[in-house]
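Hi everyone, thanks for coming. I'd like to walk you through one model today, so let's put it up on the screen.

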Amino acid sequence: MSDKTYLDLPLFDDAHRTLERELDAWCAQHLHVDHGDADAACRALVRQLGEAGWLRYCVPAAHGGALPALDSRSLCLLRETLARHDGLADFAFAMQGLGSGAISIAGSEALRAQYLPRVARGEAIAAFALSEPEAGSDVAAMQCSARLSEDGKHYVIDGAKTWISNGGIADFYCVFVRTGEAPGARGISAFVVDADAPGLTIAERIDVIAPHPLATLRFDSCRVPVGNRLGEAGQGFKVAMMTLDIFRASVAAAALGFGRAALDDALARACERPMFGGVLADLQLTQAAIGDMATAIDAAALLTYRAAWLRDVKGQRTTREAAMAKMVATENAQQVIDRAVQMFGGLGVKVGTRVESLYREIRSLRIYEGATEVQKLIIARETLAGRKA
Ligand SMILES: Cc1cc2nc3c(=O)[nH]c(=O)nc-3n(C[C@H](O)[C@H](O)[C@H](O)COP(=O)(O)OP(=O)(O)OC[C@H]3O[C@@H](n4cnc5c(N)ncnc54)[C@H](O)[C@@H]3O)c2cc1C
(Lines give C-alpha, C1' and ligand atoms only; values in the text may rest on other atoms or scores of the structure.)
Protein backbone atom coordinates (compact mmCIF):
# COMPACT_ATOMS: atom_id res chain seq x y z
CA MET A 1 0.00 0.00 0.00
CA SER A 2 1.56 3.27 -1.09
CA ASP A 3 1.94 6.26 1.21
CA LYS A 4 -0.93 8.65 0.38
CA THR A 5 -0.36 11.18 3.15
CA TYR A 6 0.79 13.81 0.64
CA LEU A 7 -2.83 14.03 -0.53
CA ASP A 8 -3.68 15.72 2.77
CA LEU A 9 -1.55 18.73 1.78
CA PRO A 10 -3.46 21.95 1.08
CA LEU A 11 -2.15 21.82 -2.50
CA PHE A 12 -5.16 19.66 -3.43
CA ASP A 13 -8.94 20.09 -3.51
CA ASP A 14 -11.27 17.31 -2.43
CA ALA A 15 -12.02 16.67 -6.11
CA HIS A 16 -8.34 15.75 -6.61
CA ARG A 17 -8.41 13.37 -3.65
CA THR A 18 -11.53 11.69 -5.02
CA LEU A 19 -9.99 11.46 -8.49
CA GLU A 20 -6.89 9.71 -7.15
CA ARG A 21 -8.94 7.28 -5.07
CA GLU A 22 -11.27 6.41 -7.95
CA LEU A 23 -8.47 5.89 -10.48
CA ASP A 24 -6.45 3.79 -8.02
CA ALA A 25 -9.45 1.51 -7.47
CA TRP A 26 -10.19 1.37 -11.21
CA CYS A 27 -6.57 0.41 -12.02
CA ALA A 28 -6.58 -2.36 -9.42
CA GLN A 29 -9.78 -3.80 -10.90
CA HIS A 30 -9.43 -3.19 -14.65
CA LEU A 31 -5.79 -2.71 -15.60
CA HIS A 32 -4.45 -6.09 -16.70
CA VAL A 33 -2.09 -5.22 -19.51
CA ASP A 34 -0.51 -7.84 -21.77
CA HIS A 35 2.74 -6.13 -22.83
CA GLY A 36 3.61 -8.79 -25.44
CA ASP A 37 2.84 -6.53 -28.42
CA ALA A 38 3.42 -2.87 -27.45
CA ASP A 39 1.43 -1.49 -30.42
CA ALA A 40 -1.61 -3.64 -29.66
CA ALA A 41 -1.32 -2.97 -25.93
CA CYS A 42 -1.21 0.81 -26.47
CA ARG A 43 -4.16 0.79 -28.86
CA ALA A 44 -6.17 -1.24 -26.32
CA LEU A 45 -5.12 1.01 -23.44
CA VAL A 46 -6.12 4.22 -25.25
CA ARG A 47 -9.53 2.73 -25.99
CA GLN A 48 -9.95 1.42 -22.42
CA LEU A 49 -8.85 4.71 -20.79
CA GLY A 50 -11.15 6.59 -23.17
CA GLU A 51 -14.18 4.40 -22.48
CA ALA A 52 -13.64 4.74 -18.72
CA GLY A 53 -13.53 8.55 -19.04
CA TRP A 54 -9.94 9.13 -17.84
CA LEU A 55 -8.78 10.69 -21.12
CA ARG A 56 -11.30 13.50 -20.63
CA TYR A 57 -8.67 15.13 -18.39
CA CYS A 58 -6.42 15.54 -21.48
CA VAL A 59 -8.69 18.08 -23.25
CA PRO A 60 -10.82 21.10 -22.19
CA ALA A 61 -14.53 20.66 -21.37
CA ALA A 62 -15.68 22.60 -24.45
CA HIS A 63 -14.43 19.70 -26.58
CA GLY A 64 -15.33 16.67 -24.53
CA GLY A 65 -13.05 17.20 -21.54
CA ALA A 66 -13.77 16.79 -17.83
CA LEU A 67 -12.73 20.29 -16.67
CA PRO A 68 -12.96 23.79 -18.20
CA ALA A 69 -9.18 23.88 -18.79
CA LEU A 70 -6.29 21.42 -18.44
CA ASP A 71 -5.65 21.02 -14.71
CA SER A 72 -2.04 20.25 -13.84
CA ARG A 73 -2.79 18.64 -10.48
CA SER A 74 -5.31 16.27 -12.06
CA LEU A 75 -2.88 15.40 -14.88
CA CYS A 76 -0.11 14.77 -12.35
CA LEU A 77 -2.27 12.66 -10.04
CA LEU A 78 -3.57 10.62 -12.97
CA ARG A 79 -0.06 10.03 -14.33
CA GLU A 80 1.41 9.19 -10.92
CA THR A 81 -1.34 6.67 -10.23
CA LEU A 82 -1.24 5.08 -13.69
CA ALA A 83 2.58 4.86 -13.57
CA ARG A 84 2.41 3.18 -10.17
CA HIS A 85 0.16 0.52 -11.67
CA ASP A 86 1.52 0.18 -15.22
CA GLY A 87 4.10 2.16 -17.22
CA LEU A 88 2.44 1.58 -20.58
CA ALA A 89 -0.93 2.79 -19.26
CA ASP A 90 0.76 6.01 -18.13
CA PHE A 91 2.42 6.32 -21.54
CA ALA A 92 -0.89 5.86 -23.39
CA PHE A 93 -2.56 8.49 -21.19
CA ALA A 94 0.33 10.98 -21.36
CA MET A 95 0.59 10.90 -25.13
CA GLN A 96 -3.11 11.67 -25.58
CA GLY A 97 -2.49 14.85 -23.60
CA LEU A 98 0.93 15.81 -24.99
CA GLY A 99 -0.04 14.83 -28.54
CA SER A 100 -3.20 16.95 -28.54
CA GLY A 101 -1.96 19.75 -26.24
CA ALA A 102 -0.92 22.03 -29.13
CA ILE A 103 -4.46 21.76 -30.56
CA SER A 104 -6.00 22.66 -27.18
CA ILE A 105 -3.61 25.60 -26.83
CA ALA A 106 -3.46 27.03 -30.36
CA GLY A 107 -5.86 25.17 -32.67
CA SER A 108 -8.74 26.89 -34.48
CA GLU A 109 -12.26 26.08 -33.31
CA ALA A 110 -12.65 23.80 -36.35
CA LEU A 111 -9.48 21.81 -35.51
CA ARG A 112 -10.44 21.54 -31.85
CA ALA A 113 -13.89 20.25 -32.75
CA GLN A 114 -12.44 17.81 -35.28
CA TYR A 115 -9.74 16.22 -33.09
CA LEU A 116 -10.21 16.78 -29.36
CA PRO A 117 -13.50 14.90 -28.71
CA ARG A 118 -12.04 11.81 -30.41
CA VAL A 119 -8.88 12.11 -28.30
CA ALA A 120 -10.99 12.27 -25.14
CA ARG A 121 -13.04 9.21 -26.13
CA GLY A 122 -9.92 7.21 -27.02
CA GLU A 123 -10.99 6.98 -30.66
CA ALA A 124 -8.00 8.87 -32.10
CA ILE A 125 -4.38 8.31 -31.03
CA ALA A 126 -2.28 11.48 -30.74
CA ALA A 127 1.46 12.17 -31.13
CA PHE A 128 3.86 15.10 -30.66
CA ALA A 129 6.59 15.42 -33.31
CA LEU A 130 9.32 17.89 -32.36
CA SER A 131 12.69 16.06 -32.22
CA GLU A 132 14.87 15.42 -35.27
CA PRO A 133 18.01 13.35 -35.84
CA GLU A 134 20.16 16.53 -35.58
CA ALA A 135 17.91 18.51 -33.24
CA GLY A 136 17.07 16.94 -29.88
CA SER A 137 18.27 19.02 -26.91
CA ASP A 138 19.01 21.88 -29.35
CA VAL A 139 15.50 21.75 -30.75
CA ALA A 140 15.60 25.18 -32.41
CA ALA A 141 18.23 23.72 -34.79
CA MET A 142 15.46 21.76 -36.53
CA GLN A 143 15.66 21.42 -40.32
CA CYS A 144 12.35 19.80 -41.25
CA SER A 145 10.65 22.57 -43.25
CA ALA A 146 7.39 23.63 -44.85
CA ARG A 147 6.69 26.08 -47.70
CA LEU A 148 3.41 27.49 -48.94
CA SER A 149 2.10 25.95 -52.19
CA GLU A 150 1.76 28.26 -55.18
CA ASP A 151 -2.01 28.59 -54.77
CA GLY A 152 -1.45 29.42 -51.06
CA LYS A 153 -3.88 26.71 -49.92
CA HIS A 154 -1.39 24.17 -48.61
CA TYR A 155 1.91 23.86 -46.81
CA VAL A 156 4.33 21.32 -48.27
CA ILE A 157 6.46 19.60 -45.60
CA ASP A 158 9.86 17.96 -46.23
CA GLY A 159 12.21 16.36 -43.72
CA ALA A 160 12.27 13.92 -40.82
CA LYS A 161 11.16 13.68 -37.19
CA THR A 162 12.56 11.01 -34.89
CA TRP A 163 11.92 9.44 -31.47
CA ILE A 164 8.23 10.08 -31.99
CA SER A 165 6.17 8.28 -29.34
CA ASN A 166 3.09 6.60 -30.85
CA GLY A 167 4.89 6.81 -34.22
CA GLY A 168 3.34 4.06 -36.33
CA ILE A 169 0.07 3.80 -34.41
CA ALA A 170 -1.00 7.46 -34.14
CA ASP A 171 -3.99 8.76 -36.09
CA PHE A 172 -2.48 12.26 -36.22
CA TYR A 173 0.74 14.09 -35.38
CA CYS A 174 1.25 17.65 -34.09
CA VAL A 175 4.37 18.52 -36.06
CA PHE A 176 6.74 21.48 -35.57
CA VAL A 177 8.61 22.59 -38.71
CA ARG A 178 10.66 25.48 -40.00
CA THR A 179 8.60 27.94 -42.05
CA GLY A 180 11.26 30.66 -42.13
CA GLU A 181 9.46 33.82 -40.95
CA ALA A 182 12.61 34.66 -38.93
CA PRO A 183 15.87 32.89 -38.03
CA GLY A 184 15.99 30.25 -35.27
CA ALA A 185 13.09 29.68 -32.91
CA ARG A 186 10.97 32.49 -34.39
CA GLY A 187 10.73 30.79 -37.78
CA ILE A 188 8.91 27.63 -36.73
CA SER A 189 5.20 26.78 -37.18
CA ALA A 190 3.02 23.96 -35.86
CA PHE A 191 0.62 21.78 -37.87
CA VAL A 192 -1.74 18.87 -37.38
CA VAL A 193 -0.89 16.16 -39.90
CA ASP A 194 -3.14 13.11 -40.32
CA ALA A 195 -1.27 9.80 -40.31
CA ASP A 196 -2.63 8.99 -43.78
CA ALA A 197 -1.57 12.33 -45.33
CA PRO A 198 0.10 11.65 -48.71
CA GLY A 199 3.88 12.00 -48.35
CA LEU A 200 4.03 11.01 -44.66
CA THR A 201 5.62 7.61 -44.07
CA ILE A 202 7.12 5.69 -41.16
CA ALA A 203 10.83 5.49 -42.04
CA GLU A 204 11.86 3.30 -39.12
CA ARG A 205 10.40 1.76 -35.98
CA ILE A 206 12.66 2.20 -32.92
CA ASP A 207 12.98 -0.37 -30.13
CA VAL A 208 13.83 0.91 -26.64
CA ILE A 209 14.58 -0.84 -23.33
CA ALA A 210 11.03 -0.32 -22.02
CA PRO A 211 9.02 -1.12 -25.17
CA HIS A 212 6.45 1.35 -26.43
CA PRO A 213 5.50 2.51 -29.95
CA LEU A 214 8.25 4.78 -31.28
CA ALA A 215 9.26 5.75 -34.82
CA THR A 216 11.08 8.02 -37.21
CA LEU A 217 8.68 9.89 -39.56
CA ARG A 218 9.59 10.92 -43.11
CA PHE A 219 7.88 13.81 -44.90
CA ASP A 220 8.27 13.89 -48.70
CA SER A 221 6.36 16.84 -50.21
CA CYS A 222 3.62 16.11 -47.67
CA ARG A 223 0.74 18.54 -48.36
CA VAL A 224 -1.19 19.89 -45.40
CA PRO A 225 -4.12 22.37 -45.71
CA VAL A 226 -3.29 25.89 -44.46
CA GLY A 227 -6.17 25.49 -42.00
CA ASN A 228 -4.21 22.75 -40.20
CA ARG A 229 -1.72 25.29 -38.88
CA LEU A 230 -1.81 25.62 -35.09
CA GLY A 231 -1.61 29.33 -34.22
CA GLU A 232 0.13 31.99 -36.25
CA ALA A 233 2.98 31.29 -38.68
CA GLY A 234 6.28 31.62 -36.82
CA GLN A 235 4.68 30.92 -33.41
CA GLY A 236 5.23 27.14 -33.44
CA PHE A 237 8.18 27.13 -31.04
CA LYS A 238 6.14 29.08 -28.50
CA VAL A 239 3.26 26.60 -28.90
CA ALA A 240 5.68 23.67 -28.37
CA MET A 241 7.14 25.27 -25.22
CA MET A 242 3.68 26.10 -23.82
CA THR A 243 2.65 22.47 -24.37
CA LEU A 244 5.83 21.18 -22.71
CA ASP A 245 5.37 23.61 -19.79
CA ILE A 246 2.10 21.84 -18.92
CA PHE A 247 3.33 18.31 -19.43
CA ARG A 248 6.87 18.60 -17.98
CA ALA A 249 5.52 18.52 -14.42
CA SER A 250 3.50 15.46 -15.38
CA VAL A 251 6.73 13.63 -16.37
CA ALA A 252 7.85 14.29 -12.80
CA ALA A 253 4.58 12.77 -11.59
CA ALA A 254 5.10 9.64 -13.69
CA ALA A 255 8.61 9.28 -12.23
CA LEU A 256 7.07 9.63 -8.78
CA GLY A 257 4.66 6.79 -9.57
CA PHE A 258 7.52 4.53 -10.67
CA GLY A 259 9.53 5.47 -7.57
CA ARG A 260 6.61 4.79 -5.22
CA ALA A 261 6.03 1.37 -6.82
CA ALA A 262 9.71 0.51 -6.26
CA LEU A 263 9.61 1.71 -2.63
CA ASP A 264 6.44 -0.32 -1.97
CA ASP A 265 8.06 -3.47 -3.36
CA ALA A 266 11.35 -2.82 -1.54
CA LEU A 267 9.55 -2.36 1.81
CA ALA A 268 7.56 -5.57 1.33
CA ARG A 269 10.70 -7.49 0.36
CA ALA A 270 12.81 -6.08 3.21
CA CYS A 271 10.17 -7.07 5.76
CA GLU A 272 9.85 -10.66 4.55
CA ARG A 273 13.35 -11.66 3.37
CA PRO A 274 15.01 -13.78 6.09
CA MET A 275 18.62 -12.78 6.67
CA PHE A 276 21.24 -13.15 9.41
CA GLY A 277 18.70 -14.46 11.91
CA GLY A 278 16.12 -11.74 11.22
CA VAL A 279 14.84 -10.07 8.09
CA LEU A 280 16.52 -7.64 5.68
CA ALA A 281 14.66 -4.67 7.21
CA ASP A 282 16.28 -5.31 10.62
CA LEU A 283 19.70 -4.34 9.29
CA GLN A 284 20.75 -0.74 9.77
CA LEU A 285 22.22 -0.39 6.30
CA THR A 286 18.79 -1.34 4.92
CA GLN A 287 17.14 1.22 7.19
CA ALA A 288 19.54 3.91 5.92
CA ALA A 289 18.56 3.03 2.36
CA ILE A 290 14.86 3.19 3.24
CA GLY A 291 15.37 6.57 4.90
CA ASP A 292 17.00 7.92 1.74
CA MET A 293 14.36 6.39 -0.53
CA ALA A 294 11.37 7.73 1.41
CA THR A 295 12.89 11.21 1.61
CA ALA A 296 13.74 11.23 -2.10
CA ILE A 297 10.11 10.37 -2.92
CA ASP A 298 8.66 13.07 -0.65
CA ALA A 299 11.06 15.73 -1.98
CA ALA A 300 10.00 14.85 -5.53
CA ALA A 301 6.31 14.92 -4.61
CA LEU A 302 6.59 18.36 -3.00
CA LEU A 303 8.35 19.86 -6.03
CA THR A 304 5.96 18.20 -8.48
CA TYR A 305 2.74 19.30 -6.81
CA ARG A 306 4.14 22.76 -6.05
CA ALA A 307 4.68 23.27 -9.80
CA ALA A 308 1.19 21.94 -10.58
CA TRP A 309 -0.47 24.06 -7.86
CA LEU A 310 1.31 27.26 -8.95
CA ARG A 311 0.07 26.77 -12.50
CA ASP A 312 -3.51 25.84 -11.53
CA VAL A 313 -4.15 28.22 -8.64
CA LYS A 314 -1.78 31.16 -9.14
CA GLY A 315 -1.95 31.02 -12.94
CA GLN A 316 1.80 31.53 -13.02
CA ARG A 317 4.34 30.57 -15.66
CA THR A 318 6.04 27.58 -14.06
CA THR A 319 9.05 27.09 -16.32
CA ARG A 320 11.47 27.10 -13.36
CA GLU A 321 9.33 25.06 -10.98
CA ALA A 322 8.39 22.46 -13.60
CA ALA A 323 12.07 22.08 -14.57
CA MET A 324 13.04 21.57 -10.90
CA ALA A 325 10.26 19.01 -10.47
CA LYS A 326 11.18 17.12 -13.65
CA MET A 327 14.90 17.04 -12.80
CA VAL A 328 14.56 16.02 -9.14
CA ALA A 329 11.68 13.56 -9.57
CA THR A 330 13.27 11.65 -12.45
CA GLU A 331 16.76 11.56 -10.89
CA ASN A 332 15.39 10.59 -7.46
CA ALA A 333 13.15 7.89 -8.91
CA GLN A 334 16.15 6.40 -10.73
CA GLN A 335 18.06 6.22 -7.42
CA VAL A 336 15.10 4.79 -5.51
CA ILE A 337 14.51 2.12 -8.15
CA ASP A 338 18.21 1.24 -8.28
CA ARG A 339 18.23 0.80 -4.51
CA ALA A 340 15.11 -1.37 -4.71
CA VAL A 341 16.81 -3.59 -7.30
CA GLN A 342 19.80 -3.87 -4.95
CA MET A 343 17.57 -4.88 -2.03
CA PHE A 344 15.98 -7.61 -4.14
CA GLY A 345 19.43 -9.10 -4.87
CA GLY A 346 19.38 -11.52 -7.82
CA LEU A 347 15.61 -11.30 -8.03
CA GLY A 348 16.01 -7.59 -8.79
CA VAL A 349 17.46 -8.32 -12.20
CA LYS A 350 15.28 -11.33 -13.01
CA VAL A 351 13.12 -10.62 -16.04
CA GLY A 352 9.51 -10.36 -14.94
CA THR A 353 10.17 -8.90 -11.48
CA ARG A 354 8.43 -5.52 -11.15
CA VAL A 355 11.56 -3.66 -9.98
CA GLU A 356 13.40 -4.99 -13.05
CA SER A 357 10.83 -3.46 -15.39
CA LEU A 358 10.78 -0.21 -13.38
CA TYR A 359 14.57 -0.05 -13.77
CA ARG A 360 14.14 -0.07 -17.56
CA GLU A 361 11.02 2.11 -17.49
CA ILE A 362 12.52 5.08 -15.57
CA ARG A 363 15.64 5.54 -17.68
CA SER A 364 14.25 7.48 -20.61
CA LEU A 365 12.40 9.96 -18.37
CA ARG A 366 15.78 11.54 -17.54
CA ILE A 367 16.30 12.15 -21.28
CA TYR A 368 13.02 13.08 -22.96
CA GLU A 369 11.14 16.38 -22.69
CA GLY A 370 14.50 17.94 -21.88
CA ALA A 371 17.40 15.93 -20.42
CA THR A 372 18.48 16.66 -16.83
CA GLU A 373 21.31 18.89 -18.12
CA VAL A 374 18.77 20.95 -20.09
CA GLN A 375 16.59 21.32 -16.98
CA LYS A 376 19.62 22.56 -14.99
CA LEU A 377 20.26 25.25 -17.60
CA ILE A 378 16.59 26.30 -17.59
CA ILE A 379 16.61 26.58 -13.79
CA ALA A 380 19.86 28.57 -13.85
CA ARG A 381 18.59 30.91 -16.58
CA GLU A 382 15.35 31.61 -14.72
CA THR A 383 17.17 32.05 -11.41
CA LEU A 384 19.79 34.38 -12.88
CA ALA A 385 17.11 36.40 -14.67
CA GLY A 386 15.91 37.71 -11.31
CA ARG A 387 19.47 38.86 -10.45
CA LYS A 388 20.32 40.42 -13.80
CA ALA A 389 17.08 42.37 -14.14
C1 LIG B 1 11.65 6.97 -25.13
C2 LIG B 1 11.68 8.31 -25.79
C3 LIG B 1 10.50 8.90 -26.23
C4 LIG B 1 10.52 10.14 -26.88
N5 LIG B 1 9.35 10.68 -27.37
C6 LIG B 1 9.39 11.84 -28.09
C7 LIG B 1 8.19 12.38 -28.68
O8 LIG B 1 7.08 11.84 -28.53
N9 LIG B 1 8.29 13.51 -29.43
C10 LIG B 1 9.49 14.15 -29.63
O11 LIG B 1 9.50 15.16 -30.32
N12 LIG B 1 10.65 13.67 -29.08
C13 LIG B 1 10.63 12.53 -28.32
N14 LIG B 1 11.79 12.02 -27.76
C15 LIG B 1 13.06 12.69 -28.04
C16 LIG B 1 13.66 13.36 -26.83
O17 LIG B 1 12.97 14.53 -26.50
C18 LIG B 1 15.16 13.56 -27.14
O19 LIG B 1 15.77 12.28 -27.12
C20 LIG B 1 15.82 14.49 -26.14
O21 LIG B 1 15.37 15.81 -26.31
C22 LIG B 1 17.35 14.45 -26.28
O23 LIG B 1 17.71 14.67 -27.62
P24 LIG B 1 18.75 13.67 -28.33
O25 LIG B 1 18.28 12.27 -28.12
O26 LIG B 1 18.94 14.13 -29.72
O27 LIG B 1 20.08 13.83 -27.51
P28 LIG B 1 21.15 15.01 -27.67
O29 LIG B 1 20.48 16.30 -27.96
O30 LIG B 1 22.21 14.54 -28.59
O31 LIG B 1 21.72 15.09 -26.19
C32 LIG B 1 22.54 14.03 -25.67
C33 LIG B 1 22.85 14.33 -24.24
O34 LIG B 1 23.59 15.52 -24.14
C35 LIG B 1 23.44 16.05 -22.85
N36 LIG B 1 23.21 17.49 -22.96
C37 LIG B 1 22.19 18.15 -23.54
N38 LIG B 1 22.32 19.48 -23.43
C39 LIG B 1 23.51 19.67 -22.76
C40 LIG B 1 24.23 20.81 -22.35
N41 LIG B 1 23.79 22.05 -22.60
N42 LIG B 1 25.41 20.64 -21.70
C43 LIG B 1 25.88 19.40 -21.47
N44 LIG B 1 25.23 18.28 -21.82
C45 LIG B 1 24.06 18.41 -22.47
C46 LIG B 1 22.26 15.32 -22.20
O47 LIG B 1 22.74 14.40 -21.24
C48 LIG B 1 21.64 14.58 -23.36
O49 LIG B 1 21.01 13.38 -22.94
C50 LIG B 1 11.77 10.81 -27.09
C51 LIG B 1 12.95 10.20 -26.62
C52 LIG B 1 12.92 8.98 -25.99
C53 LIG B 1 14.23 8.37 -25.51
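**A helix and a ligand site**

Let's begin with glycine 87, which is found in helix α4; helices here are DSSP runs of H or I with at least four residues, strands are E runs of at least two, and both are numbered from the N terminus. Before I go on, a word on the source: this is a predicted model, where local features need pLDDT of at least 70 and side-chain atom pairs count only at pLDDT 80 or more, while totals for chains, interfaces and linings use all residues. Residues are numbered from 1 along each chain as its sequence is written, and side-chain values use heavy atoms, with hydrogens and water left out.

Back to our glycine. Is glycine 87 buried or exposed? Its relative accessibility is 10%, so glycine 87 counts as buried (under 20% relative accessible area; exposed is over 50%, partly exposed in between, with a 1.4 Å probe and protein chains only). From glycine 87 to serine 104 is 17 residues in sequence and 25 Å in space, C-alpha to C-alpha.

Now the whole of α4, residues 87-106. Its 20 residues should span 28 Å at 1.5 Å a residue, and the end C-alpha atoms are 29 Å apart, which agrees (the expected span is 1.5 Å times one less than the number of residues). Even so, α4 has a kink of about 45°, centred on serine 100; that bend is the angle between axes fitted to the seven residues ending there and the seven starting there. Of the 20 residues in α4, 19 are buried, so the helix is largely enclosed by the rest of the structure. At the N-terminal end, aspartate 86 provides the cap, with a side-chain oxygen 3.0 Å from the backbone nitrogen of leucine 88.

On to the ligand. Which residues come nearest? Among the 20 around the ligand, they are Phe128, Ser131, Ser137, Trp163 and Glu373 (a residue is near if one of its heavy atoms lies within 4 Å). Leucine 130 places a backbone N or O atom 2.9 Å from a ligand oxygen. Two serines face ligand nitrogens with polar side-chain atoms: serine 131 at 2.7 Å and serine 165 at 2.9 Å. Strands β1 (126-129) and β3 (154-165) and helix α10 (372-388) are the elements that give two or more residues to this shell.

One last helix: α7, residues 284-313, has 30 residues and reaches 42 Å, close to the expected 44 Å. After α7 comes glycine 315, with a positive phi near 60°.

Conventions. A polar contact is a pair of N or O atoms within 3.5 Å; within protein, one must be able to donate a hydrogen and the other to accept it, and residues adjacent in sequence count only if both atoms are side-chain atoms.
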